[in-house]
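Here are a few exercises to try with the structure open in front of you. Have a go at each task before you read its solution.

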Amino acid sequence: MGSGINTPNLDKLAKKGMVFSQFYNTGRSCPTRASLLTGLYAHQTGLGWMTSANLGQPGYTGDMNNHAVTIAQVLKQADYSCYMTGKWHVTYDKYMKPEGPKHNWPIQRGFDRFFGHLTGGGSYYSTSTLTNDNEQLKPGKDFYLTTAITDSTVSIINQHFQEKKDHPFFFYLAYYAPHRPLQALQKDIDKYRGKFTNGWDEQRKIRYEKLRKVGMIDETCLLTERDPAIPAWESLSEDEKQLWDARMAVYAAQIDCMDQGIGEVLKVLEDNNELDNTLILFLSDNGGNAESQGNKTLSTEELLLLGNETPAQSYRVNWANVSNTPFREYKHMVHEGGISTPLIVYWPAKMKKTGLITKQVGHVIDLMPTLVEVADVNYPKTYKGHEIYPLTGKSLIPTITKGDTFSRKPIFFEHEANRAVIAGDWKLVSESTKKPPFTGEWELYNLKDDRSETNNLIKRYPEKACEMKILWDKWANENNVY
């Protein structure tokens, strides 16, 4: 889709499957994962913010509540084996210790096997809360998280085919890559050093043209201006350009390594004659991350070490602005740059046509109802004595199997007082002020004519804005947002 990063396995899934070009997450990893796993808005699960704090309100307990069930808990009713590897990040931080309580660990939430980490951040080399099923481990000498996740995934799938060949399975593979810090294997970094020295201004133009060429966006979707916090690439010194190229090279290497792992997983499925009959969904949990980590300047010696445990760095707003081409804003926010990440769906055995890019609007809340339909299982009204909230999303199966599009109810967003509602072609959105009262001014956009949110129509259509604000306020009051 224009990145210049080598991802042949994701490319294969997209070309022989389908891409949802207008698919949404919640703007940040923790609430996205809560919604993905449960089919509910994150606030309904207690994870409207993060796992690091209980804010004393039902929508912000920091721990997934008992009004939500995971995909694994539901599919087990249809006799699926359920496995998970990678990043969990839906358990209250205080409950991630070996002594527990473990009520919100993957095994207790319906998975038969788990290898990964419970935390949301950290290191690829000395990963904390590394866990095998219910036992916490210390990473070994040659440990690298992405590789370890791939190896465990391949091992678990192989074991499944050896022991339960005719038994259906669900696998939640949650790679940490390419989350900060910038840490990658040298063999992968070497592929990319020097490939980004044309800079972010040129990279954004290249990506924009490629996105238009392949049909991910149309001519009404304009390339937004470079973020004003970012200097023009040509204003940098040669040393600064080398530093920024190195950051992006490590970031690219993280993605390359992940794609290599996905290739290994696909090979296991292919070797067992199940690749085309397996429904595969790939997406990201938020847009590009503008957060800073580490010093802005590095010495020559530190530059050569970039990708190791130290110096721990991020690719910052400068490259996040490129990742989110053509949109503006970033992870945390609910403008398109924060919440819009394409969904790749691969299932050639059941697809009427492949290689399609669909404009059907989708959201992570749609994944649970999609898999419930595929597994032909009933979503429960109660579970272990607890009332379960009804599903909020809609199955994507009509689009996946037939290419059909359908109208849907409005979808809603809130994270750290960043707010939005999308209803039809319209989007009402507000960015947090970062200080009391936190809620910023509303903006109104027609996404059909202006997907990149460049023309605020709120003064031209105040009645439409008021109508949508009422919708958002009603949702917020009914879903533990306030």
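## Exercise 1: Walk across the sheet

Strands β5 (residues 130–132) and β6 pair in the antiparallel sense over 2 bridges. Before the task, some ground rules: this is a predicted model, where local features need pLDDT of at least 70 and side-chain atom pairs count only at pLDDT 80 or more, while totals for chains, interfaces and linings use all residues. Residues are numbered from 1 along each chain as its sequence is written, and side-chain values use heavy atoms, with hydrogens and water left out.

Task: work out which strands are the edge strands of the sheet, and what packs on the sheet.

Solution. Start with the terms: strands (E, at least two residues) and helices (H or I, at least four) are DSSP runs, numbered from the N terminus. Two strands pair if DSSP finds at least two bridges between them.

Step 1: write down the order, β6-β5-β4-β3-β7, for an open sheet of 5 strands with mixed pairing.

Step 2: look at the ends, where β6 (135–136) and β7 (169–174) each pair on one side only, as edge strands.

Step 3: zoom in on asparagine 132, whose bridge partner in β6 is glutamate 135.

Step 4: find helix α2 (residues 29–38), which packs on the sheet and touches β3 (81–87) and β7. Contact here means heavy atoms within 4.5 Å. The direction of α2 makes about 175° with that of β7; axes are lines fitted to C-alpha atoms, for helices over the stretch in contact, and angles run from 0 to 180 degrees between N-to-C directions.

## Exercise 2: Two cis peptide bonds

Task: place proline 181 and proline 326 in their loops.

Solution. Step 1: arginine 180 and proline 181 are joined by a cis peptide bond, with omega about 5°. Proline 181 sits in the loop between β7 and α6 (186–189).

Step 2: threonine 325 and proline 326 are also joined by a cis peptide bond, omega about 5°. For proline 326, the loop runs between α10 (316–323) and α11 (336–339).

## Exercise 3: Positive phi

Task: decide whether aspartate 376 and lysine 384 are buried or exposed.

Solution. Step 1: recall the cut-offs: buried is under 20% relative accessible area, exposed over 50%, partly exposed in between (1.4 Å probe, protein chains only).

Step 2: aspartate 376, with phi near 55°, lies in the loop between α12 (367–375) and β12 (382–383). Its relative accessible area is 71%, so aspartate 376 is exposed.

Step 3: lysine 384 has a positive phi of about 50° and lies in the loop between β12 and β13 (386–387). At 69%, lysine 384 is exposed too.
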